[in-house]
Amino acid sequence: DRRMKSENDQNRDIRPGHVKEITSTANPVIKSIRALSMKKYRDEEGLFLAEGMKLVTDAVLNGWRIRTFIHAKSAATNENVQQVAAKARALGADILEVNEKVLGAISRRDNPQTVIGVFEQAWTEPADLFLRLTGPGDIILGLDRVRDPGNLGTIIRTADAVGAKGILLIGETTDPFSLEATRASMGSIFNIALGRCSEADLIDARSAIPARVAGTHLEGAVDYRSIDWSAGPVFLMMGNEQQGLTDKLAGVCDDLLLIPMAGRADSLNLAVATGVTLFEMRRGFLEMGEG
């Protein structure tokens, strides 16, 4: 009957660059996109979701490979949406026009953004990250077992703002391509190179890191403000929210840093501590307008 024909039409494969209207959350294409909310499927497919006009536009303009561009039917006549959809279509992306119910199912929000993109993940090899350390003021940030996606996204945004050359994720760190982390990054996920490695691999490669290696640590004895960070490139490591930097990683540092505090709090949020340290390390270069 007509209803069965309509549902079958919705379930047909979508040709690259083809605009398709989907109204059912049961559609297999929508199901596969919704599955990207789970790390298991992001890892298997090498894909992730970005939501919001700004994030999707930034990603497309920065050359990230887009697989699917999804927009609300209510935004179909919006000039900006049309322009980005045209760019995505030119790059071979599928274009989906959906209702708010479908958008909400994908983003897991009651009031979803009107635009969502499915992008290919991009990773940089650790050795290639360290090749970016070419002179004074250059910083690569290492993050040891960060667990909170909001913290990670905020740190990515901060590292981007301060002009870091990249971020190396060490050990079992939360996924930077989760929706929570990409939201918190406010688009910076598309601006900064990301790498990943195990603790053991990093320790083995320590001698090949062309930089001063520093880390914040509970046993740190050096005021982070007391060092001349402009003398050369730096690899800064920040530890897990609860446990801090592991003793093994602390053991390969040239400097173990302390952030002095005057109040009664005995610790700082990881994202705050990372931001404070990064901006101090880059302070002179930001003043010179080289950030």
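## Helices against the sheet

In this predicted model, helix α8 (residues 149-162) lies across two strands, β6 (139-144) and β7, and runs at about 170 degrees to β6. Helix α12 (residues 270-281) packs on the sheet as well, touching β6, β9 (212-216), β11 (234-238) and β12 (255-258). The direction of α12 makes about 165 degrees with that of β11.

## The sheet itself

What order do the strands take? Reading across, it goes β8-β7-β6-β11-β9-β12-β10, an open sheet of 7 strands with parallel pairing. The edges belong to β8 (194-197) and β10 (222-223); each has a single partner strand, so one side of each is left without a neighbour in the sheet.

Zooming in on the β8 end, strand β7 (residues 166-170) pairs with β8 in the parallel sense over 4 bridges. Here Ile170 stands opposite Cys197 in β8.

## Aromatic pairs

Searching the whole structure turns up 9 aromatic pairs. Take Phe130 and Phe235: their ring centres are 5.1 Å apart and their planes sit at 90 degrees, so this pair counts as edge-to-face. It's a link between distant parts of the chain, with Phe130 in helix α7 (residues 126-130) and Phe235 in strand β11, 105 residues apart. Are these two Phe residues, Phe130 and Phe235, buried or exposed? Both are buried.

## A cluster and a charge

There's also an aromatic cluster, made up of Phe48, Trp64, Phe119, Trp123, Phe177 and Phe190. One of its members, Trp123, has company from a charged residue: the charged end of Arg196 sits over the Trp123 ring, 4.0 Å from its centre.

Note on methods
Residues are numbered from 1 along each chain as its sequence is written. This is a predicted model: local features need pLDDT of at least 70, side-chain atom pairs count only at pLDDT 80 or more; totals for chains, interfaces and linings use all residues. Side-chain values use heavy atoms; hydrogens and water are left out. Two strands pair if DSSP finds at least two bridges between them. Contact means heavy atoms within 4.5 Å. Axes are lines fitted to C-alpha atoms, for helices over the stretch in contact, and angles run from 0 to 180 degrees between N-to-C directions. Rings of Phe, Tyr and Trp (its six-membered ring) pair if their centres lie within 6.5 Å; planes under 30 degrees apart count as stacked, over 60 as edge-to-face and the rest as tilted. Buried means under 20% relative accessible area, exposed over 50%, partly exposed in between (1.4 Å probe, protein chains only). A charge sits over a ring if NZ of Lys or CZ of Arg is within 6 Å of the ring centre and within 35 degrees of the ring normal.
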